[in-house]
Number of protein chains: 4
Amino acid sequence: MIVVMAMGATAGQVDHVVTLIREMGLREHVIVGTERTVIAALGDDRAKDKDKLENAPGVERVMPVLAPYKMASREVKKERTVVRLGGSLGGSVGGNSVALIAGPCSVENRTQLLEIAHQVKEAGATALRGGAFKPRTSPYAFQGLGEKGLEILAEARAQTGLAVVTEVMSVEQVPLVAQYADVFQVGTRNMQNYNLLWAVGEQRKPVLLKRGLSATLEEFLLAAEYIMSRGNGDVILCERGIRTFETYCRNTLPLAIVPEVHRISHLPIVVDPSQGTGHAHLVPDMSRAAVACGADGLIIECHHDPEHALTDGAQSITPQTLKDLAQSLQLIAKAIDRNVQ
Amino acid sequence: MIVVMAMGATAGQVDHVVTLIREMGLREHVIVGTERTVIAALGDDRAKDKDKLENAPGVERVMPVLAPYKMASREVKKERTVVRLGGSLGGSVGGNSVALIAGPCSVENRTQLLEIAHQVKEAGATALRGGAFKPRTSPYAFQGLGEKGLEILAEARAQTGLAVVTEVMSVEQVPLVAQYADVFQVGTRNMQNYNLLWAVGEQRKPVLLKRGLSATLEEFLLAAEYIMSRGNGDVILCERGIRTFETYCRNTLPLAIVPEVHRISHLPIVVDPSQGTGHAHLVPDMSRAAVACGADGLIIECHHDPEHALTDGAQSITPQTLKDLAQSLQLIAKAIDRNVQ
Amino acid sequence: MIVVMAMGATAGQVDHVVTLIREMGLREHVIVGTERTVIAALGDDRAKDKDKLENAPGVERVMPVLAPYKMASREVKKERTVVRLGGSLGGSVGGNSVALIAGPCSVENRTQLLEIAHQVKEAGATALRGGAFKPRTSPYAFQGLGEKGLEILAEARAQTGLAVVTEVMSVEQVPLVAQYADVFQVGTRNMQNYNLLWAVGEQRKPVLLKRGLSATLEEFLLAAEYIMSRGNGDVILCERGIRTFETYCRNTLPLAIVPEVHRISHLPIVVDPSQGTGHAHLVPDMSRAAVACGADGLIIECHHDPEHALTDGAQSITPQTLKDLAQSLQLIAKAIDRNVQ
Amino acid sequence: MIVVMAMGATAGQVDHVVTLIREMGLREHVIVGTERTVIAALGDDRAKDKDKLENAPGVERVMPVLAPYKMASREVKKERTVVRLGGSLGGSVGGNSVALIAGPCSVENRTQLLEIAHQVKEAGATALRGGAFKPRTSPYAFQGLGEKGLEILAEARAQTGLAVVTEVMSVEQVPLVAQYADVFQVGTRNMQNYNLLWAVGEQRKPVLLKRGLSATLEEFLLAAEYIMSRGNGDVILCERGIRTFETYCRNTLPLAIVPEVHRISHLPIVVDPSQGTGHAHLVPDMSRAAVACGADGLIIECHHDPEHALTDGAQSITPQTLKDLAQSLQLIAKAIDRNVQ
């Protein structure tokens, strides 16, 4: 940490900060500048709370030097993590291939899901998304089929070989979802539901972790760290749009996070252009953009009859659009020496 | 809902929208304007998904007319809800008095908590805050004392008569916390943890619901609606700052929500100036502002030794500052014909 | 500046940064930590561009230590600046009194303005606001009366003694506006129109500088610094709401800026609750909140017939509401040992 | 406009709104729903101020139906606008080719600019960017060479055939800049400097209009409308990043605006990945993403010695990086049936 003292801070105030730094198990290094004194606190300050110092008399500001995450950091592990998705198709996320995960927002019934599953497979997907437990803003909205939905997802996997990616919303659902899913999805609203992060961290199946609506990149990686710190290193980060002042789209999709994650972390990152924009007509272009800037995969909402979808119809593309898109994505991927799986 | 058709939408497209509206159990009312056609969908559209219509050919935009919450709405219940806090001091939130809830961020040990409890009572508080389960951004940070912390809180209540407000972080903690707490706190990271909302909705103790970091007012009231829809009407809303581009403060405290909640809802709203600013030196002024614009209470972090607090020292004021502040708040409250409890 | 080197940065990279620091006229201080090297660059780095260092090989991050403004800083001038407004009523902003500036959004015609001017004076205002040049989002909207509007404002001053606060939108309007106004208003859209800031900086009349819609506090003070650096120290800062994700209000009013400005700057700060909320029904409560947290004044839109106002009717309160509000504000002001002028 | 009345609004209140609607020259259409009354106001409401209605008794909300811009709208002009850039190379923006505009942030001296100009031409650019007048956040920072810089730009054009794109900061600079520039750049801080928009609207050279840091898409198009309404239809929109809570990048680059602009407007849109991210290491990937989602061009900061650049070194790429990038962009462009000019 770097402690910036206020102009005119007294020698006693500097001494007091030094005492606090030593109490934290760190070493101080005092630099007397022309206008103010700066004190560097040396040692591993990751778990140290800069709060303690901020309030001390004569302190103007405290700036951390070390990023607070370790296991998610590229400094600790240079080679990129490749996560195997499961399913007999054998897809993975994080290598040279770009993974395509597609399916409806919600599992609505057996016929709907099986039809869509076969269609997304044909379009080139290696994993099927679909919610059995649905977090909905309103308590009066459709909340998902629950276990029945999970059974249908498993049947779709048996028929198609697609890996199943589905959301788990709370600790007590983990064992049940674990019976059916290949990949746990932790939704945007639960990115900082730490008990849930720990619970999936104790499982031995991959976790697709969606970024919180207003989570900083550091908070996002710390949420991954919660999972990894319990022994599960198979974390797939997912950018799904952030909340800003913009109104033409449901969320703002900040794609620069893709190359930045690749720079500072070894974890793979996929992009959700459906949640990320909220409008089906924006999905193909933003999918292309995501692949072009290096995304390790896409997770796309796809429905054969969007107008009658129980949830998120406005942002679901049809299987035909998905098929056309997949061909286009293959060309983009080749332009950067990758390929769509 | 109001469906705005694109310029040049065909008669067939209008007919198709009308069909979709009827399928939703609503009635249509078609208005042909000079530049475009607008279709009003009449009936209770609260639980209807405007998504279905947005994607239909020829539709430009769909605007909901009804707010999606009911039980939290002032249209349904005109008189203001008053929530009794518990504790032998008999405080409440939502009437003419302004409630003062204070205490440390975390319960750290018995001595610390009892000392602070007596001091905040002396300053005029009727309820004690203090976390036994702490949601922390980093997995390496202090996570709270757990049940031991709850026991200490209960002892403080026995000694002081203060009601105990403490956070519950997951469904499985609800029965345990219910044994000790007078008021469940649902934290900002869990505002849309719907399973947790339902679980506390089934309890018969008040819930202090903190606004999510980037939750809209509508989402905030819908989270309250989740709790109320399970039979627990004693919801206290808590504004604790939102995430914006500002950096001089930890969060941006948007106080206009106080009079707006009073206009559209019957639920009481309290303000957390500690989380809402992140800096102890901003807490007194923002507490005064909150009372001046009508807040039904304040929840303030208070620590007798902020430099050694295990969490949130930078935003904790001392008991002496709290005492001085309480006197100042009394004057502000009187200026608007209220009083601090 | 503090330069944080990446883990594993080479000695050559550190040397290169040292060379760059010396080229900038600063001195280096190298601190070798356990995980990485940190280099402090000592000397006045206000006008130095940290950009140069950020791109150097092996550099992870550069953190400035000194705030880039000087003349606006409290470190340079301890006593608070009091700005005299002009007008025969002799009001000022920045002392113990809280100034009330009120009037219509736009000058619409002579009758309207004179009527409102007399009414706001009666309510207790010492200055009259009113736009003759109006920045409008749409080119098709009413753009103000121009010089005719300025003449009417001057007549209102002659009749009432109120100081005239009115907007200047571009450099070439400065001499004209200077003939009529007591205080130049620089609008939120022009907060970083540097040529305009310089132009009013060369005048010898106060400037009311509105915060840009997404300006940080540092950028806001640097805009003031532009004006002050040309010799005009009479700057009144004005918080008028920022752009966030919130939708129930036109802007989000972040009042914590008031005590923070008082901590780091000697300049007075007033609050605009009309622009700051966009709704007349929120204006009284937010005015009270602003005074309670220490605002040096309020600038309020007031119209005798809001439904027929040419601009901003939705956020204009009536003269009667203003009068009632002024009495309430007096009580709030007294609670913090101030008074409304 | 659609006026939503509050529940329980009286017949008199509805009548009053009808009167106001008629006064505005619009026709009313009253729809009595199950829970509340909705009134559609028919006719061209673009220039009408919904403010008037929002404040009327019994009104809950007013929702505009028509977008307020006309000339920038695709409804008015179906074919896409192609803007010729000038310069003997004959580049344009808005057709099937993707334009490459590159150069230093600032013109620093003759040697620097000429060297870079030749290099960006060799890399494939058709236009040269470079600031002679620089808007700087701090008054103590380098403000540009002024007319001397313009002369150097003209010399670079003479030597290379590149079109010159350079910023104009105020109305009085327009005639001077017009003598040297091929394309006026209006910077992000001036997007709502309406006098400047009008002044360049009266010129007959293209205008590259940068989006304001927190401008909505509607405000962005209305700024274009200001220019177009004075007779200059050659507007190139430029997305350069918005201000959000994110901190790993200087701005958040929201690329979904590219396909959305193509859907609702006929104007071309280019992307600035340098300002849009603030970090040279993010520029290549975000350039690829921008082209992949359909951007009509890129404007990139390029410097042969970023560490000694007077401005924006941290986000400038070298000519060699630009050259490599241009080849990669060509492959991306071909994948979507376009080509880099």
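**Exercise 1. Find which residue of chain A comes closest to the rotation axis, and work out how chain A is related to chain B.**

Step 1. Of the residues in chain A, Ser214(A) comes closest to the rotation axis, its C-alpha lying at 3.1 Å. Before going on, note that this is a predicted model, in which local features need pLDDT of at least 70 and side-chain atom pairs count only at pLDDT 80 or more, while totals for chains, interfaces and linings use all residues. Residues are numbered from 1 along each chain as its sequence is written, and chains are lettered from A and ligands numbered from 1 in the order in which they are written.

Step 2. Superpose the copies by least squares on the C-alpha atoms of residues with pLDDT of at least 70 in both. A turn of 180° with a shift of 0.0 Å along the axis lays chain A on chain B with an RMSD of 0.0 Å. This is therefore the relation of a two-fold axis.

Step 3. Both copies use the same surface, since 100% of the contact residues of chain A recur in chain B.

**Exercise 2. Describe the side of chain A that touches chain B: how many residues are in contact, and which elements give two or more?**

Step 1. Count two residues as in contact if their C-beta atoms, placed from the backbone, lie within 7 Å. By that rule, 42 residues of chain A meet 42 residues of chain B.

Step 2. Helices and strands here are DSSP runs numbered from the N terminus (helices H or I, at least four residues; strands E, at least two). Helix H2 (51-54), helix H6 (194-201) and helix H7 (217-228) of chain A each give two or more residues to this side. The largest share, 4 residues, comes from H7(A).

Step 3. Sort the residues by class: 17 are nonpolar, 13 polar and 12 charged. Ala, Val, Leu, Ile, Met, Phe, Trp, Tyr, Cys and Pro count as nonpolar, Asp, Glu, Lys and Arg as charged, and the others, Gly among them, as polar.

**Exercise 3. Place strand E12 (residues 235-239) of chain C in its surroundings.**

Step 1. Start with burial (buried: 20 or more other C-beta atoms within 10 Å of the residue's own; exposed: 12 or fewer; partly exposed in between; C-beta atoms placed from the backbone). In E12(C), 5 of 5 residues are buried.

Step 2. Look at the directions. Val235(C), Leu237(C) and Glu239(C) point one way, and Ile236(C) and Cys238(C) the other. In a regular strand, side chains alternate between the two faces of the sheet.

Step 3. Find the partners, where strands pair if DSSP finds at least two bridges between them. Strand E11 (residues 207-210) of chain C runs parallel to E12(C), joined by 4 bridges, and Lys210(C) stands opposite Cys238(C). Strand E13 (residues 269-271) of chain C is also parallel to E12(C), over 3 bridges; there Val270(C) is the bridge partner of Cys238(C).

Step 4. Trace the crossovers. From E12(C) the chain passes through helix H8 (residues 257-264) to E13(C) in a right-handed β-α-β crossover. E11(C), helix H7 (residues 217-228) of chain C and E12(C) likewise make a right-handed β-α-β unit. Right-handed means that, with the strands pointing away from the viewer, the path from the first strand over the helix to the second runs clockwise.

**Exercise 4. Give the strand order of the open sheet of 4 strands in chain B.**

Step 1. The order is E2-E3-E1-E4 (chain B), with antiparallel pairing.

Step 2. Strand E2 (27-32) and strand E4 (59-63) of chain B are the edges, each pairing on one side only.

Step 3. Strand E1 (residues 2-5) of chain B pairs with E4(B) over 4 bridges, and Val4(B) has Arg61(B) as its bridge partner.
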